Amino acid sequence: MTPDGRLDGKVALVAGGSGAIGAAIATRLRDAGATVFALDLREGAPQAGVTFRACDLPQSAAVNEARSAIHFSGTATPCQCQSDHPSR
């Protein structure tokens, strides 16, 4: 993050991105300049500048698949996603 709070060049993965709170977080990150991917079981209302990826978060294989589908470039680095939830 830059001193002025910008997130240009950063990538954000928002878990639960189709819910009200997740969508608000995704919007805030997008407005700060981040490239935003919203992960959730169901797609929420479309948001300009936010890419939705279907993902069953408690399933680590689904999270890894979503991460692999997202291409990172420049200095952006992916987070290390890991599920602590038992499989369904």
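Right after helix α1 comes G33, whose phi is positive, near 105°. Helices here are DSSP runs of H or I with at least four residues, strands are E runs of at least two, and both are numbered from the N terminus. This is a predicted model, in which local features need pLDDT of at least 70, side-chain atom pairs count only at pLDDT 80 or more, and totals for chains, interfaces and linings use all residues. Residues are numbered from 1 along each chain as its sequence is written, and side-chain values use heavy atoms, leaving out hydrogens and water.

**Helix α1**

- The 12 residues of α1 (residues 20-31) should span 16 Å at 1.5 Å a residue (1.5 Å times one less than the number of residues), and the end C-alpha atoms, 16 Å apart, agree with that.
- G22, A23 and A26 of α1 are buried (under 20% relative accessible area; exposed is over 50%, partly exposed in between, with a 1.4 Å probe and protein chains only).
- Viewed down the axis of α1, the buried residues fall within an arc of 100°, so they line one face of the helix; the arc uses directions from the helix axis to the C-beta atoms.
- On the face turned away from that buried side sit the exposed residues A20, I21 and R28.
- The cover over the buried residues of α1 includes β1 (11-15), β2 (35-40) and β3 (50-54), where contact means heavy atoms within 4.5 Å.

**Strands β1 and β2**

- Side chains alternate along β1: A12 and V14 point to one face and are buried, whereas V11, L13 and A15 point to the other and are not.
- β1 and β2 run parallel, joined by 5 bridges (strands pair if DSSP finds at least two bridges between them).
- A12 has V36 of β2 as its bridge partner.
- From β1 the chain passes through α1 to β2, a right-handed β-α-β crossover (with the strands pointing away from the viewer, the path from the first strand over the helix to the second runs clockwise).
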